[in-house]
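Here are my notes on the model you sent over, as numbered points. Have the structure open while you read them.

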Amino acid sequence: MSASYFDELETRSADERATAQAGQLRQVLAGLGDADDAWREAAARVTGPEDLPKLPVLRKSDLSGRQKAAPPFGGMAVRNATHVFQSPGPIYEPGGSSADWFRMGRFLHAAGLGPDDIVQNCFGYHLTPAGHMFESGARAVGAMVLPAGVGQTELQVTAARDVGTTAYAGTPDYLKVILEKADEMGVSLGITKAAVGGGALFPSLRQYYADRGISCLQCYATADLGNVAYESAAMEGMIVDEGVIVEIVTPGTGDPVPPGEVGEVVVTSLNPDYPLIRFATGDLSALMPGQSPCGRTNTRIKGWMGRADQTTKIKGMFVRPEQVAALVAQHDEINKARVVASRAGEKDVMTVHIEASGGDATLYAQSVASLLKLKGEVVIVDPGTLPKDGLVIEDQRSYD
């Protein structure tokens, strides 16, 4: 087999894949012990991926409600867990230590990483799972890992130089921060590959890396599901991972849209340790016709095309409408608030517009950092100033 492929699953025929996934799906459904009778009756009628629309969609809010009632995992079927992670909400996710539990190896291999690489893993290792996800993927392809995490950029540059880092893993824009700091320090780095996620990879930023001799590919992954889809060197859409089934549905429903139309991404994970059935990501995308020119045969999606709700990822972290509501509720003098996501150069910027009669911008900024888990500029505006369009999170970034 060509070195372009991680294993034989990536080049299966459509019939082989459908047959295998139908069997995996039936096994997963049969093993769920947390379902009520009505759900079990519906699941009994599912014989393959084409029958998934017979089942209801599972949303983040459903997980949150379940976990409050039965912490930490809401009574969900969880096996062989070695870690528990926390995402904003808070929502808790299990993690496992078996080989490539999050299925990131397939993406890292497609990005050209292998045993000769030293990966500077700049995803967070504390509470959130991203650092562990990419580390397990690096182990799967035999690469060495420098567990760098986020921040301390000058030390990141020094470490990259001293250990001979050849590849970067992290959010799309943080590598630029490292490279610019290296330029400032007069340090030459040997990074030639980048595997990124957790935010949009803008075309201008990808070109910036290409101009510096760095091949940068992105994946689409979530804390709950692990890897969902990934780019290959062909860079024509994202190839769906072999361990999940992806549907594109009308937002707010479980009804599949016609092929090619934009809708909400709903994913069924076939991970027997933590199966999620018809999990609604809140992200928008569309199915692409045909197969990738790289030779991988699975379905492709167009990549991230926005949010089905107002939840928005800024600097690699989700900001949710309920967090903005909590900010307003914390201060009696605030009438309303609006989070605006924009770009300055190649970096995400968060500005929080607060409608209030006066107030202390420094105090509000502290509340923003505490409740939204991100730092941002606070702008106080007069009552009645913010638009009455129902938006509490506005994304002004261009994804063209």
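**Notes on the predicted model**

1. Let me begin with a pocket: the second largest one holds about 460 Å³ of space. It is lined by 21 residues, and those closest to its centre are Gln-21, Pro-49, Ile-245, Val-246 and Thr-299. Keep in mind throughout that this is a predicted model.

2. Which elements supply at least two residues each to the lining of that second largest pocket? They are α1 (14-30) and β10 (244-249). β10 gives the most, with five residues in the lining.

3. Now the nine-stranded sheet. It is open and mixed in its pairing, and the strand order reads β4-β3-β5-β6-β7-β8-β9-β14-β13. The edges are β4 (144-147) and β13 (287-288); each has a single partner strand, so one side of each is left without a neighbour in the sheet. As a reminder, strands of a sheet pair through backbone hydrogen bonds, either parallel or antiparallel.

4. Inside that sheet, have a look at β6 (residues 193-196) and β7 (residues 215-222). These two strands run parallel and are joined by four bridges. If you want a residue to click on, take Val-196, whose bridge partner in β7 is Gln-218.

5. Helix α5 (residues 130-140) lies across a good part of this region: β3 (118-121), β4, β5 (167-170), β6, β7 and β8 (226-230). Relative to β3, the helix runs at about 175°.

6. Helix α7 (residues 174-185) deserves its own point. Its 12 residues reach 17 Å from the first C-alpha to the last, close to the 16 Å expected at 1.5 Å a residue. Which of its residues are buried? Tyr-174, Leu-175, Lys-176, Ile-178, Leu-179 and Ala-182 are. Among the elements that cover these buried residues are α6 (153-163), β5, β6 and α8 (203-211). After the helix comes Gly-186, with a positive phi near 75°.

7. The α8 side of that packing can be followed through one residue. Tyr-208 is found in helix α8. Leaving aside residues up to four places away in sequence, Tyr-208 touches Lys-176, Leu-179 and Glu-180. Two of the names in that list, Lys-176 and Leu-179, also appear among the buried residues of α7.

8. On to the four-stranded sheet. This one is open as well, with mixed pairing and the order β19-β18-β17-β20. At its edges stand β19 (377-381) and β20 (393-395), each with a single partner strand, so one side of each is left without a neighbour in the sheet. On average, neighbouring strands here are turned by 20° against each other, direction ignored.

9. Within this sheet, β18 (residues 347-356) and β19 run parallel and are joined by five bridges. Val-352 stands opposite Val-378 in β19. For a sense of distance to the α8 residue from point 7, the C-alpha atoms of Tyr-208 and Val-352 are separated by 29 Å, while the two residues are 144 residues apart along the chain.

10. Two helices go with the four-stranded sheet. Helix α9 (residues 321-330) lies across β17 (334-344), β18 and β20, and runs at about 135° to β17. Helix α10 (residues 361-372) packs on the sheet too, touching β17, β18 and β19, and its direction makes about 125° with that of β19.

11. Please check the backbone at a few spots. Most residues other than glycine have a negative phi, and most peptide bonds are trans. Where are the cis bonds to look at? One runs from Pro-71 to Pro-72, with omega near 0°, and Pro-72 sits in the loop between α3 (60-69) and β1 (83-87). Another joins Gly-89 and Pro-90, with omega about -10°; Pro-90 is in the loop between β1 and β2 (91-95).

12. Finally, two positive phi values in residues other than glycine. Asn-80 has phi near 60° and lies in the loop between α3 and β1. Asp-100 has phi near 50° and lies in the loop between β2 and α4 (105-110). Is each of them buried or exposed? Asn-80 has 58% relative accessibility, so it counts as exposed, whereas Asp-100 is buried, with a relative accessible area of 16%.

Key. Residues numbered from 1 in each chain as written. Predicted model: local features only at pLDDT ≥ 70, side-chain atom pairs only at ≥ 80, totals over all residues. Heavy atoms only, no water. Buried < 20%, exposed > 50% of the residue type's maximum accessible area, 1.4 Å probe, protein only. Pairing = 2+ DSSP bridges. Contact = heavy atoms within 4.5 Å. Axes fitted to C-alpha atoms, helices over the stretch in contact; angles between N-to-C directions. Expected span 1.5 Å × (residues − 1). 1 Å grid on protein atoms, 1.4 Å probe; cavity = no way out; pocket = protein on both sides within 12 Å on 5 of 7 lines; lining within 4 Å. Points joined across faces, edges and corners; volume = space filled by probe spheres on them.
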